[in-house]
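Student: I have a structure to look at and some labels I do not understand. Can we go through them one at a time?

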Amino acid sequence: MTPTKQLQKWLESAAAIAQQAGDLIMEIYEEQAYDTYEKSDNSPVTSADLAAHKFILRKLQELTPDLPVLSEEGAHLSLEERQSWPRYWLIDPIDGTQEFIARSGDFTVVIALVEQNQPTLGVIYWPAGDKLYLAQKGAGAFRRDINGEQQLAVRKLVDPDNDPVILAISRRQPRERVLQRMNPERELSTLPAGSCSLKACLIAEGQADCFLRVGPTGEWDTAAADVIVGEAGGRIVSENFQRITYNEEQELGNPNFLILGDAEVPWRDVFTHHRSHPGA
């Protein structure tokens, strides 16, 4: 089997695993039969997160016994141990645990394959909406739902320099933290949504143009979105317009980051925080 066909097979298998995990999560969600705990960083985790973690871990180990799996809810090995991994799975069993608890439905299952420090496969499944987003680097990004499969592309603005942009924005985070980092002269509208990965999908399918995340996240929050948005014509960068890296740092956290759509938009003039940081 050629490397490309092998990746295609893994992508389809990861998509099926994400959907099966989504079914498991929705059973727990609908029955409200779960416990909630607080992690060391004060963020919540539920027994649904842990059940999905165990399920995805087992399925990926069956699919690729020789590949490590790094999960938000699993053991986080040191960089010294991880540096020897040329390829590994990176997962977030439930991206948007707060949305799960709040019963908004805006949570996702996220699976990515990372090779040589960059994601090459990405799967994001939205169980409540029964929508599957998936991409392979160099092969396009797609959405599958009740209407079938459709290739994704970011929204193209008629006048990239002046047209209003649609900003995906969190329902849970204070919007002032984002708006104060933006050019007040650029006209915009906002589209509230839940998890980071769901906002990325909105940009990949052209419903929103951009998103700025301010606050702590992990590499599992961006890896799958990195491939899906990238294959749809957009990109993910740090708030200072630097490349997001994977498995290159001791800590697995991300900087504040931007998800950007239309490449013709002068995003450095829209998001202006970098101007106060000369090294950006």
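Student: Why is Cys 210 called buried?

Tutor: This is a predicted model, and in it Cys 210 has a relative accessibility of 0%. Buried means under 20%, so Cys 210 counts as buried.

Student: How do you know that Cys 210 is in no disulfide?

Tutor: A disulfide is a covalent bond between the sulfur atoms of two cysteines. In this model, a search of the whole structure finds zero disulfides. For Cys 210, the nearest cysteine sulfur belongs to Cys 196 and is 14 Å away, whereas a disulfide needs the two sulfur atoms within 2.5 Å.

Student: What rules out a bond for Cys 201?

Tutor: The closest cysteine sulfur is again that of Cys 196, at 11 Å from the sulfur of Cys 201. The cut-off is 2.5 Å, so that distance is too far for a bond. Cys 201 is also buried, with a relative accessible area of 0%.

Student: Why is Gln 136 called buried?

Tutor: Gln 136, which is found in strand 7, has a relative accessible area of 8%. The limit for buried is under 20%, so Gln 136 is buried.

Student: Why is Asp 130 called partly exposed?

Tutor: Its relative accessibility is 43%. Partly exposed covers the range between buried, under 20%, and exposed, over 50%, so Asp 130 counts as partly exposed.

Student: Where does Asp 130 lie, and which residues form a negative surface patch with Asp 130?

Tutor: Asp 130 lies in the loop between strand 6 (118-126) and strand 7 (131-136). The other members of the patch are Asp 23, Glu 27, Glu 30 and Glu 31.

Technical notes:
Residues numbered from 1 in each chain as written. Predicted model: local features only at pLDDT ≥ 70, side-chain atom pairs only at ≥ 80, totals over all residues. Heavy atoms only, no water. Patch = residues over 30% accessible without salt bridge, like charges linked within 9 Å, V, L, I, M, F, W, Y side chains within 5 Å. Areas by Shrake-Rupley, 256 points an atom, 1.4 Å probe, with all protein chains shown as cover. Salt bridge = Lys/Arg side-chain N within 4 Å of Asp/Glu carboxyl O. Lys, Arg positive; Asp, Glu negative; His and termini not counted. Charge placed at Lys NZ, Arg CZ, Asp CG, Glu CD. Helix = DSSP H or I, 4+ residues; strand = E, 2+ residues; numbered from the N terminus. Buried < 20%, exposed > 50% of the residue type's maximum accessible area, 1.4 Å probe, protein only.
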